[in-house]
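I set out to record, entry by entry, what I looked up in this structure. The notes are kept brief for a reader who has not met the structure before.

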Amino acid sequence: MSDSRHGQPPGSQPPSDHSVQDLLRELFPETHRELFGERHPGRPPTLGLYPVADGRLALVHGDQLAEFTPVSPRGASALHCDLCHHTRSRSEAQLYRVRVGERRTRYLTLCAPTAPCQGRAGPRALASLADRIFPIEPVYND
Ligand SMILES: [Zn+2]
């Protein structure tokens, strides 16, 4: 350890005030990103539902993505939101189809708009919704 760092008189610091992770970040930022990611400690991976084009929703969880396509529900009964678990009238919720595999499709009912619904439901409900969708089987067109 050199004691010639700027602004610090020799001997005022313990010789190893750097963890291996700190050293890695300073010397090899690329490696550090690979090993520890860009995330800040304690922050969960990206998780959320985002409105995209044509009334669809995108469910994003880390690097996974599922697309929710709006479909018309049959019948005239009230809808039950699968995220915040409120009962909604037909005009307050939307039924979505999600393709989770080559021959597997899920249907989900969600409030419209989605932002206050996610606020009511909270991150834990959103995480359990994501658990029902992911992982999505890759679909091959051959
Ligand atoms: Zn809801």
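**Entry 1: Two residues with positive phi**

I began with aspartate 54, which is exposed, with 7 other C-beta atoms within 10 Å. I note at the outset that the model is a predicted one. I placed aspartate 54 in the loop between β1 (47-51) and β2. The phi of aspartate 54 is positive, at about 60 degrees, although the residue is not a glycine. For context, I recall that most residues other than glycine have a negative phi.

I then turned to histidine 85, which also is not a glycine and has a positive phi of about 65 degrees. Histidine 85 lies in the loop between β4 (79-80) and β5 (87-88). Is histidine 85 buried or exposed? I found 11 C-beta neighbours inside 10 Å, and a residue counts as exposed at 12 or fewer, so histidine 85 is exposed.

**Entry 2: Overall layout**

I listed the secondary structure of the chain and obtained three helices and seven strands. Read from the N terminus, the elements follow the order α-α-β-β-β-β-β-β-β-α. The chain has 142 residues, of which 14% count as buried. I also looked up contacts in the chain between residues at least 6 apart in sequence, and 48% of them join residues at least 24 apart.

**Entry 3: The sheet**

In which order do the strands of the five-stranded open sheet stand? I read the order as β1-β2-β3-β6-β7, with antiparallel pairing. At the edges stand β1 and β7, each with a single partner strand, so one side of each has no neighbour in the sheet. On average, neighbouring strands of this sheet are turned by 30 degrees against each other, direction ignored.

I examined one pair in detail: β1 and β2 are antiparallel and share five bridges. In this pairing, tyrosine 50 stands opposite alanine 58 in β2. I next looked for a helix on the sheet and found α3 packed there, touching β1, β2, β3, β6 and β7. The direction of α3 makes about 120 degrees with that of β1.

**Entry 4: The nonpolar core**

I recalled first that in soluble globular proteins, nonpolar side chains tend to be buried together. I found that the largest nonpolar core has 15 residues. Which residues have the most contacts inside this core? They are Cys81, Leu83, Leu110 and Cys117. At least two core residues come from each of β2 (57-61), β3 (64-71), β6 (93-99), β7 (105-111) and α3 (114-133). The most is given by α3, with three residues.

I followed leucine 83 further, leaving aside residues up to four places away in sequence. Leucine 83 touches Leu110, Cys117, Gln118, Ala121, Ala125, Leu126 and Leu129.

**Entry 5: Two cis peptide bonds**

I recalled that most peptide bonds are trans. I then looked up the exceptions and noted a cis bond joining alanine 112 and proline 113, with omega about -5 degrees. Proline 113 sits in the loop between β7 and α3. I noted another cis bond from phenylalanine 134 to proline 135, where omega is near -5 degrees. Proline 135 belongs to the segment after α3.

Notes:
Residues are numbered from 1 along each chain as its sequence is written. This is a predicted model: local features need pLDDT of at least 70, side-chain atom pairs count only at pLDDT 80 or more; totals for chains, interfaces and linings use all residues. Helices (H or I, at least four residues) and strands (E, at least two) are DSSP runs, numbered from the N terminus. A residue is buried if 20 or more other C-beta atoms lie within 10 Å of its own, exposed if 12 or fewer, and partly exposed in between; C-beta atoms are placed from the backbone. Two residues are in contact if their C-beta atoms, placed from the backbone, lie within 7 Å. A nonpolar core is a set of buried Ala, Val, Leu, Ile, Met, Phe, Trp, Tyr and Cys residues joined through C-beta atoms within 7 Å. Two strands pair if DSSP finds at least two bridges between them. Axes are lines fitted to C-alpha atoms, for helices over the stretch in contact, and angles run from 0 to 180 degrees between N-to-C directions.
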